Amino acid sequence: MTDNEEFESPEELLKTKQRERKIRKGKKKQSFVKSLLRFLTGCGIIFGIYYFSSFGGWYLPQTVFKNPEPSRIQIVNNKIVKTQKIKSVIKDIAVPKVPLYMANLNELKYKLMSLAPVDEVYIRRYAFPARVLIIIREAMPVITIAPDDKVKPVAAFTRDGRLIIGSDYLPLPEEYKTIKVLSYGNKGDDYRKWDVNKIRQIQKIAKYVETFSREKVEYIDMRNPDDIYVKIETVPVRLGQPDLNIYDRIRRIPSILPQIEKVKGKVKYIDLGWEKVNYLKLE
């Protein structure tokens, strides 16, 4: 017994105990109410999330890939790959049955990445209504292949040596300025076997010829892979074999190009196919 309780009367002590019991009951009641409110709030949040996520605006229609509509599937930045080609590739993809923000769209990306000209695919999601923006980044074409100068290209190569072939991608849009290469694509000249080193070699030859002739290369004739010709604005140039000395032979163009004026209209081609000898081949 405390000193205070020792001097309190029984009546006062009873009142004190009653007050203490009321305070304890009040605290228990407050604790219960707080717990109940937390429980109800949690249930409300869960129900709200469930109700909000069940809105149709979060879901893609189950036919969205079979019949892509611009309001649901938008494709941008594709210049080489035709939109119709993209639609044909994605038509069999299963549509996720979950809200779009939870959907796994990796299959969509992988299918598009399998297309030869496609370098990267970015997918953005939007809701109300649920829709997808597909952003295509294509590889840069640097070379086109044709069997003849007057025939449209049948194939193309990108900067990293990737082969693009087929009517789904060709002809390329006019905005792409590529090096035109003539090739039959047969034995000994099968461009389908070219790699990135071959592409870089062709680019280097074109750059050298333009630098030393100061004229635009119209095409490179590699139909005979052991006897290369380059057509510039003025006249064809025979370079011969694509060996290590080909660049030294190209450097001789400025010394013979001015001689064309003396026999204008009679020159068939400039012959640089011989070591340390160059001459004009006349008609």
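Biologist: What makes strand 9 and strand 10 a pair, and how many bridges join them?

Modeller: Two strands pair if DSSP finds at least two bridges between them. Strand 9 and strand 10 (residues 236-240) are joined by 4 bridges, so the condition of at least two is met. The two strands run antiparallel, and Lys231 stands opposite Pro236 in strand 10. They form a hairpin with 3 residues between them.

Biologist: On what kind of model do these statements rest?

Modeller: The model is predicted: local features need pLDDT of at least 70, side-chain atom pairs count only at pLDDT 80 or more, and totals for chains, interfaces and linings use all residues. Residues are numbered from 1 along each chain as its sequence is written, and side-chain values use heavy atoms, with hydrogens and water left out.

Biologist: What is meant by a strand here?

Modeller: Strands (E, at least two residues) and helices (H or I, at least four) are DSSP runs, numbered from the N terminus.

Biologist: Which strand pairs with strand 9 over 4 bridges and forms a hairpin with 6 residues in between?

Modeller: That is strand 8 (residues 217-221), which pairs with strand 9 in the antiparallel sense over 4 bridges. The hairpin of strand 8 and strand 9 has 6 residues between them. Val217 has Ile232 of strand 9 as its bridge partner.

Biologist: Why is strand 9 called largely enclosed?

Modeller: Buried means under 20% relative accessible area, exposed over 50%, and partly exposed in between (1.4 Å probe, protein chains only). In strand 9 (residues 228-232), 4 of the 5 residues are buried, so the strand is largely enclosed by the rest of the structure.

Biologist: Is Tyr229 buried, exposed or partly exposed?

Modeller: Its relative accessible area is 22%, so Tyr229 is partly exposed. Tyr269, by contrast, has 13% and is therefore buried.

Biologist: What makes Phe157 and Trp194 an aromatic pair, and of which kind?

Modeller: Rings of Phe, Tyr and Trp (its six-membered ring) pair if their centres lie within 6.5 Å; planes under 30 degrees apart count as stacked, over 60 as edge-to-face and the rest as tilted. The structure holds 7 aromatic pairs. In one of them, Phe157 and Trp194 are 5.7 Å centre to centre with 25° between the planes, and the pair is stacked. Phe157 lies in strand 5 (residues 155-158) and Trp194 in the loop between strand 7 (179-182) and helix 5 (196-213), so the pair ties together parts that are 37 residues apart in sequence. Both Phe157 and Trp194 are buried.

Biologist: Why is the pair of Tyr229 and Tyr269 named as it is?

Modeller: The ring centres of Tyr229 and Tyr269 are 5.3 Å apart and the planes stand at 90°, so the pair is edge-to-face. Tyr229 in strand 9 and Tyr269 in strand 11 (residues 267-274) are 40 residues apart, and the pair links distant parts of the chain.

Biologist: How do you know that the charged end of Lys198 sits over a ring, and which ring is it?

Modeller: A charge sits over a ring if NZ of Lys or CZ of Arg is within 6 Å of the ring centre and within 35 degrees of the ring normal. The charged end of Lys198 sits over the ring of Trp194, 5.5 Å from its centre. Lys204 lies over the face of Tyr247, at 4.4 Å from the ring centre.

Biologist: Which strands are the edge strands of the open sheet of 3 strands?

Modeller: The sheet has the order 1-3-2, with mixed pairing. Strand 1 (73-76) and strand 2 (118-126) are the edge strands, as each pairs on one side only. Strand 1 runs parallel to strand 3 (residues 131-138), to which 4 bridges join it, and Ile75 stands opposite Ile134 in strand 3.
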